[in-house]
Amino acid sequence: MSVNESLDAARDKLLQRAAPDRTEFEDLVIVPLFAFAVALILGAVTMLATGVDLATIGRSYVALLVGSVGSVNALSETLVAAIPLVLAGLGLALGFRAGLFNIGAEGQILMGGLAAVIFGFTFSALPFVILMPLSLLAGALTGAFYAGIAGWLRAATGAHEVISTIMLNLISYRLLDYMLSLPWVQREGRADPVSRSVPDAAELPRLLEWLDPNLRLHAGVFVMLLAVAFVYWLLFRTKLGFEFRASGASPDAARYAGMHASLIIVIAMATAGALAGLAGANQVLGVLGRATPGFSAGIGFDAIAVALLGRSHPIGVLFAGLLFGALQAGGRQMQVDAGVGIDLIGIIQALVIVFIAAPLLVRAIFPWGFRNRQKGTHQ
Amino acid sequence: MDVELKAITKRFGAVVANKDVTLQVRAGEVLGLLGENGAGKSTLMNVLCGLYRPDEGQIVINGTPVQFTNPGDAIAAGIGMVHQHFMLVPVFTVAENVVLGVEPVGRLNHLDLKTASAKVREISARYGLTVDPDALIETLPVGVQQRVEIIKVLFRSADVLILDEPTAVLTPQEVEDFFGIVRSLRDAGKAIIFITHKLNEILEIADRISVLRAGRIVGESDPATATKADLAEVMVGRPVHFEVDRSGAAPGDAMLVIKDLTVLRDDNTIAVDNVSLTVRGGEVLGIAGVQGNGQSALIQAITGLMPAARGTIRFLGQDITHASVRARHKLGLAHIPEDRQRMGLIPDFTVAENMVLDSYYDPRYARGPQVQWDAVNQWAATAAAAFDVRTTSVFAKAGHLSGGNQQKLIVARELSRDTKAVIAAQPTRGLDVGSIEYIHSRLMAARAEGDAVLIMSSELDEILALSDRIVVMFKGRIVAEFDANVEKPEKSQIGLAMAGVAA
Amino acid sequence: MNGAETLQRPNAAIDLGARRRTRIVGAILILLAAFVVVVLGDAPGDATFRLSRPRDVWVLPDLIVPAQPFIYIAAALTAFLGARQFLRGGGRWTTLSLGLGLGLGVLAFLVWATAGNAFSLTGMLQATMVRAVPIALGGLAAVMCERVAVVNIAVEGMLLAGAFTGALMGSVVGGWGGLLSAVVIGGLFGFILAALVVTYRMDQIIAGVVINLFVLGLTSYVSSQVFAEMRHLNNAPVFRAIDIPLLSDIPVIGPMLFQQNIFVYGALIMVAVSTYYLFHTRNGLRARAVGEHPRAADTLGIDVYRTRYLHVTIGGMIAGFGGAWFTLGSVGRFDENMTGGRGFIGLAAMVFGRWHPVGALMAALVFGFTDSLQQKLALLQTPIPSEFLAMAPYVATIVVVAGLIGRARPPAADGKPYVKE
Ligand SMILES: Nc1ncnc2c1ncn2[C@@H]1O[C@H](COP(=O)(O)OP(=O)(O)O)[C@@H](O)[C@H]1O
Ligand SMILES: [Mg+2]
């Protein structure tokens, strides 16, 4: 056998993929399942502690299920709630991959949504095929700009994005309040801070009105799916995505490899902001129809949880967003049927993340759910 | 005080770092523990000093078995260790570092730093270890930091001193001084374990030698009768050739020309001071010097990772002083970086991804904005096979490879393209002998192809073995230059230059 | 080769970076001067600042400042400082000039807003102190954690938990019981944070974010589920101000420092004690060693995990105390998310204050000052929209973390988990 042949053989062997190992499966499937179960149990404990009786707890979890997947309307509501979560979550996931901890989705959503509304009513004469996409674009660009500030600060001065994005959130609340009181933004004849309405031509069309006029599912769901595909492609198939991931995993190695760290930070942050801005635009153009103070309703913070739960992977984010959307939709039903406050959902969500982000904790609680880790793994 | 390790086994997950190791050391002797990198020397000593707990086996002191649950227990038992990587808090003073953990205090838990300083002065006077107790650690050269480490151990009145590769950061002259200190400690009745992978050192200082290979004790010997060749064979497990074939030096044109280069650190202090250098094709230029004398900054300036404050760098006739890292890379500058874990590769990425870390944008692997992963994987497999990178597949995480294979991965990535110059910083630090030999042969192959090769290493033996010319850096300047092809320089000559004594 | 000479030469190059900063600061100061003249230049009348209240023991006369001249003088001084930067600035002067210039700018603004009016300076300083308290305590909590290298984004949640517990338990068992419970609950969340990041090696920022989400969810849930119906559970007594004899009679300083409630005194004492603890005691030295080089501490027999647990728990207790200020120290009842980001500003105060308790307090006072300034100015009816004044502290925070006012080094191991083997 010649040297070349043996080299070829060695080469072919190196190209074989190993079967996914058991730990990977445990981390991807078993840990989230356990996390969710524990969170529900602890949620029930919380309810018990606040004087809710067992029957009501049972009823509220049934309502949670029915309200999220029990009917066409429930599914529609789940999707409606999931769309902005997935969009913003994708942006955050992209940031995490690039090593940026962007807490600022909330502010980016507000700024993006506001821009979409203003663009919509300012150019209300344009036809639907132009106005709607451009309004979305206005939202995305504004979100990108707003997040870009934090990215630029990080790149140019080293200001940590965690603090600067938190501050930008706080600033965005005030800025929104201020904008909503300006005469050219505020709805005529109103004293409270409410923007003019989005014209019909800028709205994301409802998809299921032919079935039942109350179904709120709108075309944003396509935006969401496109965004998932786009982010997947961007992260794992492109040079830019490789650069994002490399700078996230090891900034020093990325610099060594000739990647332009500052530029990557700004681009990654702006892309994340664009997705969050899109989420905001999607809310105002598809659901709310106008901007009011704090219309983001905490989506930007829930999206952090979505991104973490989805392990910063676009497909994971999609599923995590659907799950959280289901919790939101079901939570509303729960409030109606069982009188349990929707804030309980926030507790459950936080608990899910605790257990997801600390797999060691889940392993410690449920040792029997996992194979013994003694062998074959690095630390 | 006599200490015995009995049948110690220590595992890290699947890695067995120590297997059934039995060892003893008595008061008033120096035990030399020899073993190549990765043999498990540091792990064994970390077990002895209470940092790790053994999976099996026990530690016996003066005949009674003991159990250490933390380093405090070992310190209390009189065992002190000077770690391979110094354990000093850079922003604390010498005195604060020395007393940390056994601080003298007054009322209200008030730190008594006066007493601490006085004690430090006393110990330094007694053993001839001059240091200023009030100096901040980060302002001290490594040689002095090592003295602080020893004072730290003595301050705790240790009877057993473990010295883990203590000479790695010293110049040959400092090593001599250091041996003097070790002997005086031994004569004061301390038991000393001296760890190294350098044969001449162990022959000079040890009273007894134990050899560790792949986690096991594979031999004991008497320094009076042992020879370097024997010890080397026991240490590596096969005959070793230390000489690298450097015949056929055919230096060509000047390829890399550095003129009056000055480089500043982040805090605006001078790292490289007005350095001029020329590297020709087909020659190896070695940069010697004690760590922290500007070699790293020089290399980073050449490869574009640090800006040049003054001066010019020309490569293949082009001025690259302000060129980007990537532009230099495209011109054919290969860089094997100093810190392979942090800079050279991304442990979380696959072998294939790491293989194209700095060339993923090349038309061979990318079309438009996209990376062609099929092409990448094919090429990565070819390169891994050609450079003997032992991995299960190119989809395995680079972090799962052994140190030697990680370094071979980097060498494969850097050398398997068309290069004109190779800049290698600490190319074999911490590697086993097999990997070292392989990487040396690859560097010599690059030289044979007519590349300009620049090697920076803190191992003087490595510099001497590979280089056609040698320059010595001290405090950011080039203080001496030797042409090895005219006359092979003496180690002591280079050592004096490394210590700043003009040649 | 001449040593002195080689050290000299690179200076030309070194200065490039430093000089640019100097120039930027100079430009900022001159712009500020221009702003003061153009925007604030028109201020007819005198500005009257009251330094005492009628019933004070020592009554100081009112401070009457002719507005227009004062503003022009302030602008001139600022411009001079700016110009000086261009001519021969650098070194310590850069930061000092910036501080002085900004201070003058603020004073000019104050005079402008008060021109033709009267306004109690003492009252504002007193309010500054009060508003600084939660920020200072949040910052101090973060200092305790980060000194042992645990990043504590959860300060916000801990403040909120303290506020909630203070209201609930204060209503049930009275003020002191409420305060104690708030401290305990804060400590509990500190302990949880320590467990998550030390034992379960969760990412520190994620752990902090999660605790914030959890506390927000829990307190909102309970306040909507329980407090809405049972009002009496959300009606705690408020700690009143206690005048310290003699000291409280000192003009200006007295009302600011010595006519306050226990939260202000508590914050001042804790800052003093923790400064002594961190920098002058054995345990403080060990704690800092754990934050700088945990492995070194470990090799010397210092228990890194225990030290981290302990200090993060103490940090949580401090934050719990600070949280109780919102309810027991001011309004007596809990509202959803009533901390409103004060914990995050506390983090910024820590950065601004260079990871030092006293620094954090000083930074908190700056934030408290902008905060109370905004309140006062809203009363004075200035033409600037109040939303923009409300943003000022946040913008200031960004400016601070961007390092415009000099940058300090965080503890070297900050944010990194320690793996023993
Ligand atoms: N903390 C650790 N986790 C996993 N493996 C380790 C750890 N420390 C050392 N090892 C492994 O144990 C072996 C022995 O390492 P070490 O004791 O450092 O060798 P030496 O000091 O002789 O160079 C090596 O294979 C190394 O990779
Ligand atoms: Mg070692």
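**Exercise 1. Salt bridges between chain B and chain C**

Find how many salt bridges the rule gives across the interface of chain B and chain C, and look at one of them.

*Solution.* Keep in mind that this is a predicted model.

Step 1. Count the pairs: the rule finds 2 salt bridges across this interface.

Step 2. Pick an example. B:Glu103 forms a salt bridge with C:Arg282, and their closest N and O atoms are 3.4 Å apart. The pair qualifies because the cut-off is 4 Å.

Step 3. Add the polar contacts: between chain B and chain C there are 7 residue pairs of this kind, both residues being at pLDDT 80 or more.

Step 4. Sort the residues on the side of chain B that touches chain C: 19 are nonpolar, 10 polar and 11 charged.

**Exercise 2. The area between chain B and chain C**

Work out how many residues each chain brings to the contact, and which three residues of chain B supply the most buried area.

*Solution.* Step 1. Chain B brings 40 residues to the contact and chain C brings 29 residues.

Step 2. Together the two chains bury about 3,100 Å², with 62% of it on carbon and sulfur atoms.

Step 3. Now the top three: B:Leu51, B:Met87 and B:Leu100 supply 17% of the area that chain B buries against chain C, more than any other three residues.

**Exercise 3. Chain A against chain C**

Describe the interface of chain A and chain C, and say which element of chain A gives the most residues to it.

*Solution.* Step 1. Here 43 residues of chain A meet 41 residues of chain C.

Step 2. The buried area is about 3,500 Å², and carbon and sulfur atoms give 81% of it.

Step 3. Run the salt-bridge rule: it finds 0 across this interface. Polar contacts do occur, in 4 residue pairs with both residues at pLDDT 80 or more.

Step 4. Look at the elements on the side of chain A that touches chain C. Those giving two or more residues include helix H2 (22-49), helix H6 (128-157) and helix H7 (161-180) of chain A. H7(A) gives the most, with 12 residues.

Step 5. By class, this side of chain A has 31 nonpolar, 9 polar and 3 charged residues.

**Exercise 4. The magnesium ion**

Name the residues that coordinate the magnesium ion (ligand 2), and explain why the pair ties together parts of chain B.

*Solution.* Step 1. The donors are B:Ser42 (OG) and B:Gln84 (OE1), at 2.1 to 2.3 Å.

Step 2. B:Ser42 lies in helix H1 (residues 41-48) of chain B, whereas B:Gln84 is in the loop between strand S6 (79-82) and helix H3 (94-99), so the pair links parts that are 42 residues apart in sequence.

Step 3. Check exposure: B:Ser42 is partly exposed at 22% relative accessibility, and B:Gln84 is partly exposed at 32%.

Note on methods. Residues numbered from 1 in each chain as written. Chains lettered and ligands numbered in written order. Predicted model: local features only at pLDDT ≥ 70, side-chain atom pairs only at ≥ 80, totals over all residues. Heavy atoms only, no water. Donors = N, O, S within 2.8 Å, 3.2 Å for Na, K, Ca; no water. Helix = DSSP H or I, 4+ residues; strand = E, 2+ residues; numbered from the N terminus. Buried < 20%, exposed > 50% of the residue type's maximum accessible area, 1.4 Å probe, protein only. Contact = heavy atoms within 4.5 Å. Buried area = accessible area lost by both parts, 1.4 Å probe. Salt bridge = Lys/Arg side-chain N within 4 Å of Asp/Glu carboxyl O. Polar contact = N/O pair within 3.5 Å; in protein donor to acceptor, adjacent residues only side chain to side chain. Nonpolar A, V, L, I, M, F, W, Y, C, P; charged D, E, K, R; others polar.
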